[in-house]
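Got a minute to look over a chain before you head back to the bench? Here's a quick briefing to read alongside the structure.

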Amino acid sequence: MLGFGLFSGKLNDYLSQKPNRTCDRCELLTPRDEMECAHCNDLNGAQLESLKEKIQETKLSNMRLSDWFLYASLIIVFLFALGFLV
Ligand SMILES: [Zn+2]
């Protein structure tokens, strides 16, 4: 029953994963059972602001990337529709 033991071990690992919470300061996910946020605990006010700016920039560039995928899929759909019409 070695295989089963390995499986239940993995299952226990999965079940014991701790849920995250959103940090009030930096709005990143941090383990719920830790009082101090791993991301912004040792940052001062100015450093926190630059961290927030970086997060915002990352969000914006991700948004641009997903926009690009949206346009690309629209173009593909358009080309398919054109193919049916011709
Ligand atoms: Zn934080």
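The points below cover the overall layout, the confidence, the second helix and one residue in a loop.

Keep in mind that this is a predicted model. The chain has two helices and two strands, and from the N terminus they come in the order α-β-β-α.

**Overall packing**
- Not much is tucked away here: just 2% of the 86 residues of the chain count as buried.
- If you take the contacts between residues at least 6 apart in sequence, 9% of them join residues at least 24 apart.

**Confidence**
- Mean pLDDT for the chain comes out at 85, with 80% of the residues at 70 or more.
- Helix 1 (residues 2-15) has the lowest mean pLDDT of the elements, at 62, while helix 2 has the highest, at 92.

**Helix 2**
- Helix 2 takes in residues 45-85, which makes 41 residues.
- At 1.5 Å a residue, helix 2 should span 60 Å, and its end C-alpha atoms are indeed 60 Å apart, so the two values agree.
- Helix 2 is hardly covered, as zero of its 41 residues are buried.

**Glu-27**
- Glu-27 sits in the loop between strand 1 (20-22) and strand 2 (29-31).
- Its backbone is worth a look: Glu-27 has a positive phi of about 60°, even though it is not a glycine.
- Glu-27 counts as partly exposed because 14 other C-beta atoms lie within 10 Å, and that class falls between 12 or fewer for exposed and 20 or more for buried.

Definitions and conventions. Residues are numbered from 1 along each chain as its sequence is written. This is a predicted model: local features need pLDDT of at least 70, side-chain atom pairs count only at pLDDT 80 or more; totals for chains, interfaces and linings use all residues. Helices (H or I, at least four residues) and strands (E, at least two) are DSSP runs, numbered from the N terminus. The expected span of a helix is 1.5 Å times one less than its number of residues. pLDDT is the predictor's confidence in each residue, from 0 to 100. Two residues are in contact if their C-beta atoms, placed from the backbone, lie within 7 Å.
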